[in-house]
Amino acid sequence: RVIAYLRGRGIHGSLIDYCIQTGRLYKSRHRRNAVFVGFDPQGVPRYRALRGTCGSRFMGDASGSDKRFSFSVPAREKSTKLHLFESAIDLLSYGTLELLTGRDWRRENSLSLAGIYKPKKNIEESTPPAALTQYLKDYPQITEIALHLDNDAPGRLAAKTIKAYFR
């Protein structure tokens with residue numbers, strides 16, 4: 001069911017296989033949800049995002065999840081660039097596009113924010129997203145962040161705030 005759902009969303013089978021093989025993706029036991037797993041640097045699962053795979057639209061976090069360690073895909077080799085997305089599906093969609101254009105979809109790091117980042121109205125009072133702050137702490141070699149946020153009002157405000165914070 002999870003594989004069919006993701007293929008239906010246009011995600012390439014190679015990315016789905018990678019996520020399943022590395023424990024980043026599985027089907028929940030009691031419900032029909034895709035579970036996207038985030039790990040800490042030691043490989044311990046710390047975060048689980050749930051996404052409904054049938055009929056009704058369902059999204060949420062599993063109880064006890066730590067958003068500082070949201071779903072991510074590390075670069076195949078050490079990379080200084082991080083691609084930032086609102087969701088795991090967005091991250092996998094981008095990876096699919098990279099693969100389909102003949103590029104290595106794991107040549108750079110990718111991180112999901114586990115949902116839209118909502119800064120305060122006054123940008124100066126905002127703090128950066130927890131997942132991004134933790135990722136940069138854990139991987140200090142990152143020197144460049146590419147924002148892949150939705151082109152809607154919340155996405156534009158999030159991009160503006162992140163850019164202001166990390167200048």
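Two strands count as paired when DSSP finds at least two bridges between them, and the strands themselves (E, at least two residues), like the helices (H or I, at least four), are DSSP runs numbered from the N terminus. This is a predicted model, where local features need pLDDT of at least 70, side-chain atom pairs count only at pLDDT 80 or more, and totals for chains, interfaces and linings use all residues. Residues are numbered from 1 along each chain as its sequence is written, and side-chain values use heavy atoms, with hydrogens and water left out.

**Stop 1: strand 7 and its neighbours**

Select residues 109–112, which make up strand 7. Now add residues 81–85: this is strand 6, and it pairs with strand 7 in the parallel sense over 4 bridges. Leucine 84 has leucine 111 of strand 7 as its bridge partner.

Add residues 72–73 for strand 5, which runs antiparallel to strand 7 and is joined to it by 2 bridges. Here serine 72 has leucine 111 as its bridge partner in strand 7.

Next, show side chains on strand 7. Asn109 and Leu111 point one way, Ser110 and Ser112 point the other way, and all are buried (buried means under 20% relative accessible area, exposed over 50%, and partly exposed in between, with a 1.4 Å probe and protein chains only).

**Stop 2: the rest of that sheet**

Bring in residues 144–148, strand 8. Strand 8 pairs with strand 6 in the parallel sense over 5 bridges, and leucine 82 stands opposite isoleucine 145. You now have the whole open sheet of 4 strands, in the order 5-7-6-8 and with mixed pairing. Strands 5 and 8 are at the edges with a single partner strand each, so one side of each has no neighbour in the sheet.

**Stop 3: the other sheet**

Hide that and go to the open sheet of 4 strands with the order 1-2-3-4, where the pairing is antiparallel. At its edges are strand 1 (25–27) and strand 4 (59–61); each has a single partner strand, so one side of each is left without a neighbour in the sheet. On average, neighbouring strands here are turned by 25° against each other, direction ignored (axes are lines fitted to C-alpha atoms, for helices over the stretch in contact, and angles run from 0 to 180 degrees between N-to-C directions).

Zoom in on strand 1 and strand 2 (residues 33–39), which run antiparallel and are joined by 3 bridges. Lysine 27 stands opposite alanine 34 of strand 2.

While you are there, click asparagine 33, also in strand 2. Its relative accessibility is 7%, so asparagine 33 counts as buried. Then pick valine 2: the C-alpha atoms of valine 2 and asparagine 33 are 7.3 Å apart in space, although the two are 31 residues apart in sequence.

**Stop 4: helix 3**

Select residues 88–100, helix 3. This helix has 13 residues and spans 18 Å from first C-alpha to last, close to the 18 Å expected at 1.5 Å a residue (the expected span is 1.5 Å times one less than the number of residues). Buried residues in helix 3 include Ala88, Leu91, Leu92 and Gly95. After the helix comes glycine 102, with a positive phi near 85°.

**Stop 5: pockets and a cavity**

Switch on a surface. On a 1 Å grid over the protein atoms alone, a pocket is an open set of points with protein on both sides within 12 Å along at least five of seven lines, a cavity is a set where a 1.4 Å probe fits but cannot get out, and lining residues have an atom within 4 Å of a point. Grid points are joined across faces, edges and corners, and a volume is the space filled by probe spheres set on the points.

The largest pocket holds about 340 Å³ of space. It has 21 lining residues, and Arg51, Met59, Ser87, Ala114 and Gly115 are the closest to its centre. Strand 3 (45–52), strand 4 and helix 3 each supply at least two lining residues, with strand 3 giving the most, 4 residues.

For the second largest pocket, about 190 Å³ in volume, select Phe39, Asp40, Ser72, Tyr135 and Tyr139, which lie nearest its centre among 16 lining residues. Helix 4 (residues 130–138) gives the largest share of that lining, 4 residues.

Last, find the 1 cavity of 30 Å³ or more, with about 40 Å³ of space. Its lining includes His83, Tyr94, Trp105 and Ser110.
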